[in-house]
Amino acid sequence: MFTKTRDILAVCEEDIFCGVNTVSNISQAGDLEKKHLPIITAPKKVRKGEYFDVTIEVGKLLQHPSEPGHYIMFIELYSGDTYLARLELTPQTTSPIMKVRVALDHDHGKLRAFERCNLHGTWEYDTDIEVTE
């Protein structure tokens, strides 16, 4: 079952449009969660100031539709709370995979990916990354 990343009122607990959705245990994720998690592929350790590749794929665990009535609108990448990149998508002609090359000057915290589904709201996934000298 999905959970919220922010403290919210009990009335919002089952409302996927209220807040940001995330999954606390990926091995117990249901089909809805598997279709929406923006899975990040990136090194666990990078050198300060050196570029590295990051791939974010929505639907890696279970394919997400890309049709006019149901599609991924955008994918965003952050390092902690620092914005790094955004990819806008359209239905039918795009696949929700973002590949970007970034560099970090210092450790901001986890790499965080967000995606917005036109029907099922915003979803987040994160992964650890260490920035070394």
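**Exercise 1. Glu76 and its surroundings**

Task: At 11% relative accessibility, is Glu76 buried or exposed, and which side chains does the Glu76 side chain make polar contacts with?

Solution, step by step. This is a predicted model, so keep that in mind as you work.

1. Start with the cut-off: a residue is buried when its relative accessible area is under 20%. Glu76 has a relative accessibility of 11%, so Glu76 counts as buried.
2. Next, place the residue. Glu76 belongs to strand β6.
3. Now look for polar partners. The Glu76 side chain makes a polar contact of 3.1 Å with the side chain of Tyr78, and another of 2.5 Å with the side chain of Arg86.
4. Finally, widen the view. When neighbours within four places in sequence are set aside, the residues in contact with Glu76 are Ile56, Tyr83, Ala85, Arg86, Arg112, Ala113 and Phe114.

One extra detail concerns Arg86: its charged end sits over the ring of Phe74, 3.8 Å from the ring centre.

**Exercise 2. Aromatic pairs**

Task: How many aromatic pairs does the structure hold, and which residues form the aromatic cluster?

Solution, step by step.

1. Count the pairs: the structure holds two.
2. Take Tyr78 and Tyr83. Their ring centres are 5.6 Å apart and their planes meet at 70°; an angle over 60 degrees counts as edge-to-face, so this pair is edge-to-face.
3. Take Tyr78 and Phe114. Here the centres are 5.5 Å apart with 80° between the planes, and this pair is edge-to-face too.
4. Ask where these two residues sit. Tyr78 is in strand β6 and Phe114 is in strand β9, so their pair ties together parts that are 36 residues apart in sequence.
5. Join the pairs: Tyr78, Tyr83 and Phe114 make up one aromatic cluster.
6. Check how covered each member is. Tyr78 is buried, with a relative accessible area of 18%, and Phe114 is buried at 10%, whereas Tyr83 is partly exposed at 46%.

**Exercise 3. Strand β9 and its partners**

Task: Which strands pair with β9, and why is β9 largely enclosed by the rest of the structure?

Solution, step by step.

1. Find one partner. Strand β6 (residues 72-79) pairs with β9 over seven bridges, in the antiparallel sense. Within this pairing you can see Glu76 standing opposite Phe114.
2. Find another partner. β9 also pairs with strand β10 (residues 121-127), again antiparallel and over seven bridges. Tyr125 in β10 is the bridge partner of Ala113, and Thr127 in β10 is the bridge partner of Leu111.
3. See how the chain gets from β9 to β10: a hairpin joins them through three residues.
4. Turn to burial. In β9 (residues 111-117), six of the seven residues are buried, so the strand is largely enclosed by the rest of the structure. Strand β10 is mostly covered, with five of its seven residues buried.
5. Follow β10 one step further. Strand β2 (residues 20-23) runs parallel to β10 and is joined to it by two bridges. Asn21 stands opposite Trp123 in this pairing.

**Exercise 4. An open sheet**

Task: In what order do the three strands of the open sheet lie, and which strands stand at its edges?

Solution, step by step.

1. Read off the order: the strands lie as β3-β5-β8, with antiparallel pairing.
2. Look for strands with a single partner. These are β3 (38-41) and β8 (97-102), which stand at the edges, so one side of each is left without a neighbour in the sheet.
3. Add the twist: from one strand to the next, it averages 20°.
4. Zoom in on one pairing. Strand β5 (residues 52-58) and β8 run antiparallel and are joined by six bridges. Asp53 stands opposite Arg101 in β8.
5. As you look at the strands, remember a general rule: in a regular strand, side chains alternate between the two faces of the sheet.

Key
Residues are numbered from 1 along each chain as its sequence is written. Side-chain values use heavy atoms; hydrogens and water are left out. Buried means under 20% relative accessible area, exposed over 50%, partly exposed in between (1.4 Å probe, protein chains only). Helices (H or I, at least four residues) and strands (E, at least two) are DSSP runs, numbered from the N terminus. Two strands pair if DSSP finds at least two bridges between them. Axes are lines fitted to C-alpha atoms, for helices over the stretch in contact, and angles run from 0 to 180 degrees between N-to-C directions. Rings of Phe, Tyr and Trp (its six-membered ring) pair if their centres lie within 6.5 Å; planes under 30 degrees apart count as stacked, over 60 as edge-to-face and the rest as tilted. A charge sits over a ring if NZ of Lys or CZ of Arg is within 6 Å of the ring centre and within 35 degrees of the ring normal. A polar contact is a pair of N or O atoms within 3.5 Å; within protein, one must be able to donate a hydrogen and the other to accept it, and residues adjacent in sequence count only if both atoms are side-chain atoms. Contact means heavy atoms within 4.5 Å.
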